[in-house]
Amino acid sequence: MKNLILLLAIFFSAALVRSNEEVRLPKKIVKLSDLHDNAEISCDLCGCYMGLDPNFSYSQLGVRYSLVKFFTEAHTEQNQSVDHEGHEATSSAEYYNDLEFYVRYYFTPKLRLFLTVPFSSNEIEGNRFNGMGDMKLMMQYQVYNSEITSKTNLWQRIFLGGGASIPTGVYNKTVAQGEVEPHFQPGTGSFDLLLTGLHLAKLEKLNLGWRNDVVYTVNGTNKNQYSFGNRFNWTSTFFYEFDTETLVFLPHSGVYFESANQDKLNGTYAAGSGGDVWFWTGGIDTYYNEFSIEFNMQLPFSEKLIGEQPNNDFRIYTGIGYAF
């Protein structure tokens, strides 16, 4: 709670400083094709899942829901076709549900802050683990902004930034059988460093765009001497803008890559952790003036996990937002 109060104090102090500066925000847009001569536009980063947002030049708040499913095959080397009672073995599933409140705030047209507050409900082997997750606080600065005129067809943006994952989440939940595996917990219990990068390009005349988001996480060690492996995330998507008189539709599709080092317990590598996974990612976002609805789904097509681990099945992300 002290950390939360301190973060809010820093946030509002910075906002007061901003009021004394000249801030040139563009007129709010509802179409990416409205950009043309506006040289102060930017784009959006939303934690580890990055949505597409035509209203990216304005601050935004909203809520997102995500569902991640893993499964374990019934027949493995350790669990053959029958169990100890002579019955056919069954597979098992793990469900990770997150409800995330987020804020994106512009201090200047080139400098923005992201704050996410998640709440988790994880269901594993009949047990449910509920609680607040780890808050994330990040900032990004626009380091490149291509010149835009009425004749420009290709425009690009590059943002770099960083931040931290703050251990506000529950990470020591137990069950009647004893301790709970760290990956089942809503939180991690450690301060983690986040490094982010974003490249966004668009062929204006064709309404086609390409987006690349990168996040590298340097994980700390919690009080249980457990450290999650450092993680690299990369999303590359192509999108197409389709406009009507009142709505903007952005269907998008691409690939998502996730790579994690092995976890460590007391300085020793933990079995059954780490690996690489490739996903197909695709969805559609819909915009009406300041309001947005987003939907995205990820399906794995290649994975190389270290040791015995449940397999990725699917991931679903959806949310609503309001730009101001």
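In this predicted model, the charged end of R112 lies over the ring of F159, at 3.8 Å from the ring centre. A second contact of this kind involves R64, whose charged end sits over the ring of Y102, 3.9 Å from its centre.

**Overall fold**

The chain contains one helix and 19 strands. It has 324 residues, of which 45% count as buried. Among contacts in the chain with a separation of 6 or more, 63% are between residues 24 or more positions apart. The area exposed by the chain is about 16600 Å², and carbon and sulfur atoms supply 59% of that area.

**Aromatic pairs**

Across the whole structure, a search finds 13 aromatic pairs. One of them is formed by F101 and F119, with an edge-to-face arrangement, 6.2 Å centre to centre and 80° between the planes. The pair links distant parts of the chain: F101 belongs to strand 2 (residues 92-108) and F119 to strand 3 (residues 111-124), and the two are 18 residues apart. F101 is partly exposed, because its relative accessible area of 44% falls between the limits of 20% and 50%. F119 also counts as partly exposed, at 38% relative accessibility. Elsewhere, ring pairs join F232, W234, F257, W278 and F301 into a cluster.

**Nonpolar surface patch**

L154, L203, L206, L208, Y240 and F242 make a nonpolar surface patch of about 530 Å². Within this group, L154 is located in strand 6 (residues 154-166). What is the relative accessible area of L154? The value is 45%, and L154 is therefore partly exposed. Patch members need over 30% relative accessible area, a condition that L154 meets with its 45%.

**Positive phi values**

Most residues other than glycine have a negative phi. Two asparagines with positive phi are listed below, N207 and N266.

| Residue | Phi | Loop | Relative accessibility |
|---|---|---|---|
| N207 | near 60° | between strand 9 (192-203) and strand 10 (208-218) | 17%, buried |
| N266 | about 55° | between strand 15 (264-265) and strand 16 (268-269) | 55%, exposed |

Is N207 buried or exposed? N207 counts as buried because its relative accessibility is 17%, and the limit for burial is under 20%. N266 has a relative accessible area of 55% and is therefore exposed, the limit for that class being over 50%. Each asparagine is in a loop between two strands, N207 between strands 9 and 10 and N266 between strands 15 and 16.

Key: Residues numbered from 1 in each chain as written. Predicted model: local features only at pLDDT ≥ 70, side-chain atom pairs only at ≥ 80, totals over all residues. Heavy atoms only, no water. Patch = residues over 30% accessible without salt bridge, like charges linked within 9 Å, V, L, I, M, F, W, Y side chains within 5 Å. Areas by Shrake-Rupley, 256 points an atom, 1.4 Å probe, with all protein chains shown as cover. Salt bridge = Lys/Arg side-chain N within 4 Å of Asp/Glu carboxyl O. Helix = DSSP H or I, 4+ residues; strand = E, 2+ residues; numbered from the N terminus. Buried < 20%, exposed > 50% of the residue type's maximum accessible area, 1.4 Å probe, protein only. Contact = heavy atoms within 4.5 Å. Phe/Tyr/Trp six-rings, centres within 6.5 Å; stacked < 30°, edge-to-face > 60°. Lys NZ or Arg CZ within 6 Å of the ring centre and 35° of its normal.
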